[in-house]
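Grab a pencil and try these exercises. Have a go at each one before you read its solution.

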Amino acid sequence: MVPRWRNSCSGKTPPRIDSKSRLAINTPTQSKQKKKTVLKEALAKTLATFGYRISRIPQAAALVLPDDFEDETKQTIRRVAPYTMTSPERLYGLVQAVDHVVRHDVAGDFVECGVWRGGSIMAAAQTLISHGKTDRTLWLYDTFEGMPEPTEHDRSRSGDAKEKFDVVKISEDASDWCRSTLDEVKGNFFSLDYPKDKVRFIKGKVEDTLPADMPDNIALLRLDTDWYESTRHELEHLYPRLAPGGILIIDDYGHWEGCRKAVDEYFAGLDRAPLLTRLDYTGRMGVKPY
Ligand SMILES: C[S@@+](CC[C@H](N)C(=O)[O-])C[C@H]1O[C@@H](n2cnc3c(N)ncnc32)[C@H](O)[C@@H]1O
């Protein structure tokens, strides 16, 4: 996850106002600007007490992408960058995965659990559009109300998820952590030209919506709900429906201990587990064995 809020207080020290500036009479534009700065500083100060710093979301056009990425893939990554928190490397892996299942005719729908603003599934849809293959159904699972409560398993190197959750909590099942509403996601997604009747938005915790509402056959399964319990639940219900030759992507294996535990436990119980290769420090991708 590339966090919008970095866990650091190392922002620039605001410039000191000397007595001369304080006495100066401001124009309306200067006053407006000053009000904005004061508000921003107050917000930054409040967040700093919780260990967070405000940083600007990088402009898509300014994204520096590795030279070996194909031009079309670079375009796709730039197109979806405002709507995703995953890295260019993980997006590149996703585009490769879509190319693979299309080229090898792996039958089945695409599933993403944990869509946030929709950027990753938009990258998958854009790649299908580029192939002229828009007949697969895309299943988008999310609370559309932010991250639900984590358990004691959900820790990263930078701390316990529960500590952060308690600050941003709205209820046990909702928070301001990775929150994006259903309307917002639909607006983002349908800025692409993918057929509306081929997209299913499943709202709620996956622990409640699965297995009641899920596809029979899956060609690409992307898991990105971060926590132990949801990841375990997704694997138990969805992995058996992933076609041999289909692709599994785990977004948070390296970052969240609970996610890694869920994946390791689940595959320890199977005779044939896929080799999950590293996309970056946290993302993993594998092909389901035949
Ligand atoms: C890290 S974000 C997903 C990032 C996204 N895939 C992207 O491309 O940027 C995690 C998402 O998972 C959702 N989520 C977390 N736990 C969930 C659960 N148990 N059931 C459904 N959605 C969940 C959150 O609402 C959030 O939108």
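Below are two exercises on this predicted model. Residues are numbered from 1 along each chain as its sequence is written. Because the model is predicted, local features need pLDDT of at least 70 and side-chain atom pairs count only at pLDDT 80 or more, while totals for chains, interfaces and linings use all residues.

**Exercise 1.** Work out how helices α9 and α10 pack.

*Step 1.* Find the helices, which are DSSP runs of H or I with at least four residues, numbered from the N terminus. α9 covers residues 228-238 and α10 covers residues 257-268.

*Step 2.* Look at the axes, lines fitted to C-alpha atoms over the stretch in contact, with angles running from 0 to 180 degrees between N-to-C directions. Here they sit 8 Å apart at an angle of about 30°.

*Step 3.* Name the arrangement: angles under 35 degrees count as roughly parallel. So α9 and α10 are roughly parallel to each other.

*Step 4.* List who touches whom, where contact means C-beta atoms, placed from the backbone, within 7 Å. From α9 you get Tyr228, Thr231, Arg232, Leu235 and Glu236, and the α10 side includes Gly258, Ala262 and Tyr266.

**Exercise 2.** Which residues come nearest to the ligand?

*Step 1.* Collect the residues around the ligand, meaning those whose C-beta atom, placed from the backbone, lies within 6 Å of it. There are 25 of them.

*Step 2.* Pick out the nearest: Thr84, Gly114, Trp116, Ser120 and Ser230.

*Step 3.* Check which elements give two or more residues to this shell: α5 (119-131), β4 (138-142) and α8 (206-209). A strand such as β4 is a DSSP run of E with at least two residues.

Notes:
Angles under 35 degrees count as roughly parallel, over 145 as roughly antiparallel, 65 to 115 as roughly perpendicular and the rest as oblique. Two residues are in contact if their C-beta atoms, placed from the backbone, lie within 7 Å.
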